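Trainee: I've got a model open and would like to talk it through with you. Can we take it step by step?

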Amino acid sequence: MYSTAEIMNIGMECLIENLGIVEAEQFISAIKRENFDYTKWQRVYYDRMPAGAFLDAAEKYGETHPYKGKGREV
């Protein structure tokens, strides 16, 4: 289990890696500025996915990012 600080650091690293520092900051600002409800957004986002798309994406992700557990070498 990760601490809140660890999750925030990992999240920011992901945002910066994928968006760049400026866009990552814009994303954080937009989330804070808007009355953003992640649960509602997620529901709308996934409801729009074609049937099976989420499972396909999860399987592909799992193949390239196998879970090793926190602090475990595999």
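Mentor: Sure, and let's fix one term before we start: a residue is buried under 20% relative accessible area, exposed over 50%, and partly exposed in between. Keep in mind that this is a predicted model.

Trainee: Let me try that on Ile31, then. Is Ile31 buried, partly exposed or exposed?

Mentor: Ile31 lies in helix α2, which covers residues 21-33. Its relative accessibility is 29%, and the band between 20% and 50% has its own name. So Ile31 counts as partly exposed.

Trainee: What about Thr4, which class does that one get?

Mentor: Thr4 sits in helix α1, residues 4-19. Its relative accessible area is 59%, and the cut-off to pass is 50%. That makes Thr4 exposed.

Trainee: Let's step back to the whole chain. Which pattern do the helices and strands follow along the sequence?

Mentor: The protein chain has four helices and zero strands. With that inventory, reading along the sequence gives the pattern α-α-α-α.

Trainee: Is the chain compact or spread out, and what radius of gyration tells you that?

Mentor: Along its principal axes, the C-alpha trace spans about 40 × 35 × 25 Å. For 74 residues the globule rule gives 11 Å, and the chain is well over that, so it is more spread out than a compact globule. The radius of gyration is 15 Å.

Trainee: What percentage of the residues count as buried?

Mentor: The chain exposes about 7000 Å², with carbon and sulfur atoms supplying 57% of it. As for residues under the 20% cut-off, the share of the 74 that count as buried is 4%.

Trainee: On to charges. Which residue does Arg43 meet in a salt bridge?

Mentor: The structure holds two salt bridges. Arg43 is exposed at 54% relative accessibility, and its partner is four residues away in helix α3 (residues 38-47), so about one helical turn separates the two. The N to O distance is 2.5 Å, and the partner is Asp47.

Trainee: And how far apart are the closest N and O atoms of Arg33 and Glu34?

Mentor: Arg33 is exposed, with a relative accessible area of 60%, while Glu34 is partly exposed at 48%. Their side chains form a salt bridge, and the cut-off for that is within 4 Å. The closest N and O atoms are 4.0 Å apart.

Trainee: I can see plenty of rings too. Which kind of aromatic pair do Phe36 and Trp41 form?

Mentor: A search of the whole structure finds five aromatic pairs. In the pair of Phe36 and Trp41, the centres are 6.4 Å apart and the planes are at 40°. Planes under 30 degrees apart would be stacked and over 60 edge-to-face, so this pair is tilted.

Trainee: How do Phe36 and Trp41 rate for exposure?

Mentor: Phe36 has a relative accessible area of 37%. Trp41 comes in at 39%. Phe36 is partly exposed, and Trp41 likewise counts as partly exposed.

Trainee: Which kind of pair do the rings of Tyr45 and Tyr46 make?

Mentor: Tyr45 is partly exposed at 40% relative accessibility, and Tyr46, found in helix α3, is partly exposed at 32%. The ring centres are 5.0 Å apart and the planes are at 80°, so the pair is edge-to-face.

Trainee: Which element supplies the largest share of the nonpolar patch?

Mentor: Phe36, Tyr38, Trp41, Tyr45, Tyr46 and Phe54 form that patch on the surface, with about 620 Å² of accessible area together. Those residues also form one aromatic cluster. The largest share, four residues, comes from α3.

Trainee: Last one. How far apart in space are Ala51 and Met12?

Mentor: Ala51 lies in the loop between α3 and α4 (53-64), and it is exposed, with a relative accessible area of 86%. In sequence, Ala51 and Met12 are 39 residues apart. From C-alpha to C-alpha, the distance between them is 30 Å.

Note on methods:
Residues are numbered from 1 along each chain as its sequence is written. This is a predicted model: local features need pLDDT of at least 70, side-chain atom pairs count only at pLDDT 80 or more; totals for chains, interfaces and linings use all residues. Side-chain values use heavy atoms; hydrogens and water are left out. Buried means under 20% relative accessible area, exposed over 50%, partly exposed in between (1.4 Å probe, protein chains only). Patches are made of residues with over 30% relative accessible area and no salt bridge: like charges are joined within 9 Å, nonpolar side chains (Val, Leu, Ile, Met, Phe, Trp, Tyr) within 5 Å. Accessible areas come from the Shrake-Rupley method with a 1.4 Å probe; for residues, only the protein chains shown count as cover. Rings of Phe, Tyr and Trp (its six-membered ring) pair if their centres lie within 6.5 Å; planes under 30 degrees apart count as stacked, over 60 as edge-to-face and the rest as tilted. The radius of gyration is taken over C-alpha atoms; the globule rule is 2.2 Å times the number of residues to the power 0.38.
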